[in-house]
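Student: I have a new structure to read. Where should I begin?
Tutor: Take a look, and we will go feature by feature.

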Amino acid sequence: MSTDQPPPGERPEDDPFLKRPQEPTPPSGGSPYGSPPPGAPPPGGTGGGGYPPPPPPPYGGGGDPYGGSGGYGMPDPLAGMPPLADFGRRLAARLIDVIIVAVPLFLIQLAFGTKRYMVETNQGEDISEVITRSYSGSGLIMTLISIVAYIGYDWWFTKKNGQTIGKKAMGLRVAMLNDGSVPQSGPALARAAVLWLPTLICCFCLWPIALAISILVDKPYKQGLHDKVGKTVVVKSTT
């Protein structure tokens, strides 16, 4: 089955990840858009001299862009979208994905000898020597394989249906913030690159911590730095 995404503006109407416009709630007594202004002619339908109703609000109505209900005349980007994922489930999904990719990489690494990637403190080695070996000879080859594996895994599943194996297991998915659709190839690749490149190249521990903090402190969309770049959010899956 092809996983190519249609160009913007041509997504199928049955895409389960698109935001669904919310029906406006009519006030008691009639039109969902309220009463006509004083002095306006009554609505008369086709040929009756009436006035046309205003267009419905996008995705459930006006409000401020941060989830409020008025004042700025802008729609809430999250209206019509499932609830945002909580941090605990996102972390569990990420751990599952790491294990899925790391186990095959470990088996490949055995062919090069795992000892060369370990710190042998009894011989006076430190972490800087391990990093140096990671960018020379077979260590460089293993680093490149790891980059391709982690980024390729995240990119492929994100552009396919918004769900890596870990996210599917935890009932989560990645969605575009603007319309709730599955990310296309470009945003999915940018998101995966920001997620994994710093971790695999230099910041083995610090970058994952920075990503976790960015998710916890971001309001109101709980976007990590990788989500900011891809313009995505992580929500609970409805499928």
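Tutor: Start with one residue. This is a predicted model. Find Gln223, in the loop between α6 (206–217) and α7 (225–230).

Student: Is Gln223 buried or exposed?
Tutor: Read the relative accessible area. Under 20% counts as buried. Gln223 has 5% relative accessibility, so Gln223 is buried.

Student: Which residues does Gln223 touch, leaving aside neighbours within four places in sequence?
Tutor: Ser214, Ile215 and Asp218 are among them. So are Lys228, Lys231, Thr232 and Val233, together with Leu177. Look at Leu177 again. Leu177 is 46 residues from Gln223 along the chain, while their C-alpha atoms are 9.9 Å apart.

Student: What else can I read in this loop?
Tutor: Check the backbone angles. Omega tells you about the peptide bond. From Lys219 to Pro220 omega is near 0°, and that bond is cis. Pro220 sits in the loop between α6 and α7.

Student: Where does Lys222 lie, and what is its phi near?
Tutor: Lys222 belongs to the loop between α6 and α7. Its phi is near 55°, a positive value in a residue that is not glycine. Lys222 counts as partly exposed because its relative accessibility is 31%.

Student: Which residue in the loop between α7 and β4 should I look at?
Tutor: Lys231 is found there. Lys231 is not a glycine, yet its phi is positive, about 60°. With a relative accessible area of 56%, Lys231 is exposed. Lys231 is also one of the contacts of Gln223.

Student: How do I read a strand?
Tutor: Ask how it is covered and what it pairs with. Strand β4 covers residues 232–236, and 4 of its 5 residues are buried. Its partner is β3, residues 172–176. The two run antiparallel, joined by 5 bridges. In one of these pairings, Met176 has Thr232 in β4 as its bridge partner. Thr232 is in contact with Gln223 too.

Student: And side chains in a strand?
Tutor: In a regular strand they alternate between the two faces of the sheet.

Student: How do I read a helix?
Tutor: Start with the general rule. An α-helix has 3.6 residues a turn, so residues three or four places apart point the same way. Now take α5, residues 185–201. Its buried residues are Ala188, Arg191, Ala192, Leu195, Trp196, Pro198, Thr199 and Leu200.

Student: How many residues does α5 have, and what span does it reach?
Tutor: α5 has 17 residues and reaches 23 Å from its first C-alpha to its last. That is close to the 24 Å expected at 1.5 Å a residue. Still, follow its axis: α5 bends by about 30° at Ala193.

Student: I see cysteines after that helix. How many disulfides are there?
Tutor: A search of the whole structure finds 0. Read the cysteines by their accessibility instead. Cys202 is partly exposed, at 45% relative accessibility. Cys205 counts as exposed, at 58%.

Student: Now the whole chain. What pattern does it follow?
Tutor: Count the elements, then read their order. The chain has 7 helices and 4 strands. Along the sequence the order is β-β-α-α-α-α-β-α-α-α-β.

Student: What do the totals say about burial and contacts?
Tutor: Of the 239 residues, 33% count as buried. The accessible surface is about 13600 Å², with 66% of it belonging to carbon and sulfur atoms. Among contacts between residues at least 6 apart in sequence, 63% join residues at least 24 apart. Gln223 and Leu177, 46 residues apart along the chain, are in contact.

Key
Residues numbered from 1 in each chain as written. Predicted model: local features only at pLDDT ≥ 70, side-chain atom pairs only at ≥ 80, totals over all residues. Heavy atoms only, no water. Buried < 20%, exposed > 50% of the residue type's maximum accessible area, 1.4 Å probe, protein only. Contact = heavy atoms within 4.5 Å. Areas by Shrake-Rupley, 256 points an atom, 1.4 Å probe, with all protein chains shown as cover. Pairing = 2+ DSSP bridges. Expected span 1.5 Å × (residues − 1). Bend = angle between axes of the 7 residues up to and from the residue. Disulfide = S-S within 2.5 Å.
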